Amino acid sequence: MAPRPEQPRYRFGPLEKRGLIAGWRGGQVAVVTTGTVIAVGLLRALRPPLNLFAALAVIGLGLGAATWPIGGRTCDQWCPVVTAWVLRLIAGGSRHVSSVPSLGQRIPGVPAPGINRRAMPPALSGCRLLAPLTAAGGLCMGVVHDARARTYTGVIAVSGTSFALLEADERHRRVAAWSALLASLAREGSPVHRLQWVERDLPGEPSRLTQHMRSVMVLSPDSPAARSYEEVVGRAGRLARAHQALLALSVRADRSSRDIRAFGGGDGGACALLARELRNLQTALFGAEVLVQGALSPRVLASTMRQAIEEWPKAPSGHGPAKGGEETSGTGPTWPWPIASETTWTAHRTEATWHATYWIAEWPRFDVGPDFLSPVLLHSGVRHTMSVTMEPISPLKAARDVRQARTADLADAEIRRRGGFLTSARRGREAQAVTQREVELADGHAEYRFSGYVTVTSRSTEALDADCVRMEQAAGQARLELRRLYGQQDEAFTWTLPLGRGLS
């Protein structure tokens, strides 16, 4: 019997921390320089030997502030976050109550009052939901226009078979198909700005499993086997979870201005370009054996946004496109954004629901299989949303970035050698990752810039703390390093909404 071929494994490189000089960031250099200047002033202002002790203490504090991390960040990285948080507290921006309830209902034939800036939470200012009619059969597709980022985003609802139950060969084949899809979006001149996948774990309806069992059961409901099985299913139903998978695709107005002008320009041209790219994406997803339920209509997209906000959202169902005119009823699309919100240093509250958002600071740095995220996605047991935002990099820019990274690594290594500093194993890994990127680009692979986030959602702060502990444990099993985004919870919450956000 021939030996079974070894299955592919996957590895993520370390987070690159390339700096300005010898790996030091500009902020770190500024902190040390400031400490040195203060130390020189103390040497001249004070009498010996007090001046010497004071100068050494200031230099030590400067070095410690520049290099000693607190919560994964050094002093120069915390300064902008703390400053923005204090300014927001002074301005009273930690709480927001929308003015939408007082605007009244839209009546046919009577202009509705405009949406003013007080209607939107500060972190979502500039976002509006569009309902353009595309040229393809009068399709009414929901589009989110982010004026600050100048992006237009459409969302596709997708699903698939139980990936964890597939054979190993089948899993790797589907991963390869997904990789080919991503490579097609990173072509030179692609109008795609970002691609984001969002996975939500929502409370399931306990009766749904029992209803399904009764609809397909062939035994008599009064038989002992049927009653025993219904009891087991009833117990499992109380722990049932509903999973929702979304793909958000964004185009950017300034990046794709030529393509947008070809479709007529303005919001209509941008939405037409987005509709074309969404159709191409759906065709590619069919080739990757991903079940596509269709682009979300304006009303369904608004409801999908609300599911992240509501205390007890309905299980996802009925996703798909709507024909022209379906959304023009008297009610129209529902308001997708929070009516009231509050932000603390550690959490964000939307109406009656509390959220805590984490950044995935490190991905597994050793070989893993394609299902390494299962502990987080399937077995955490808490209501959560996981999002990965990816930005395709054109081949020419990717090659240029790799050359610059290799040159910077060589220069840093030379400076360290002349200064007598040792090169850490982490920096060696970073240099190896850059070399591997260059080899992969030469082989024709595509490159992406990406970042991942996890939002934990609960009904109260006490439940949120307990759920966060469980999520951190699940992330540890998946070999993920999570960092809570203190002081940025309101903005970070929007990074797990299907808006294409999360990258600077």
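Arg173 counts as partly exposed, because its relative accessibility is 40% and the partly exposed class lies between 20% and 50%. This value, like the others in this report, comes from a predicted model.

The side chain of Arg173 meets that of Glu170 in a salt bridge, with an N to O distance of 2.6 Å. Both residues belong to helix 4 (residues 168–185), where three residues, about one turn of the helix, set them apart. The pair is also part of a network of salt bridges that links Glu170, Arg173, Arg174 and Glu289.

In general, side chains of opposite charge can pair when their charged atoms come close. The count of salt bridges in the model comes to 19. Among them are the following.

| Salt bridge | N to O distance |
|---|---|
| Arg88 and Asp490 | 2.5 Å |
| Glu170 and Arg173 | 2.6 Å |
| Glu310 and Arg306 | 3.8 Å |

Arg88 and Asp490 pair through their side chains at 2.5 Å. This salt bridge links distant parts of the chain: Arg88 is in helix 3 (residues 75–91) and Asp490 in helix 14 (residues 489–494), 402 residues apart. Asp490 has a relative accessibility of 10% and therefore counts as buried, since the limit for that class is under 20%.

Glu310 and Arg306 form a salt bridge at 3.8 Å, N to O, which falls within the 4 Å cut-off. The two partners fall on either side of the 20% limit for burial. Arg306 counts as buried because its relative accessibility is 13%, whereas Glu310 is partly exposed, with a relative accessible area of 29%.

How values were computed: Residues numbered from 1 in each chain as written. Predicted model: local features only at pLDDT ≥ 70, side-chain atom pairs only at ≥ 80, totals over all residues. Heavy atoms only, no water. Helix = DSSP H or I, 4+ residues; strand = E, 2+ residues; numbered from the N terminus. Buried < 20%, exposed > 50% of the residue type's maximum accessible area, 1.4 Å probe, protein only.
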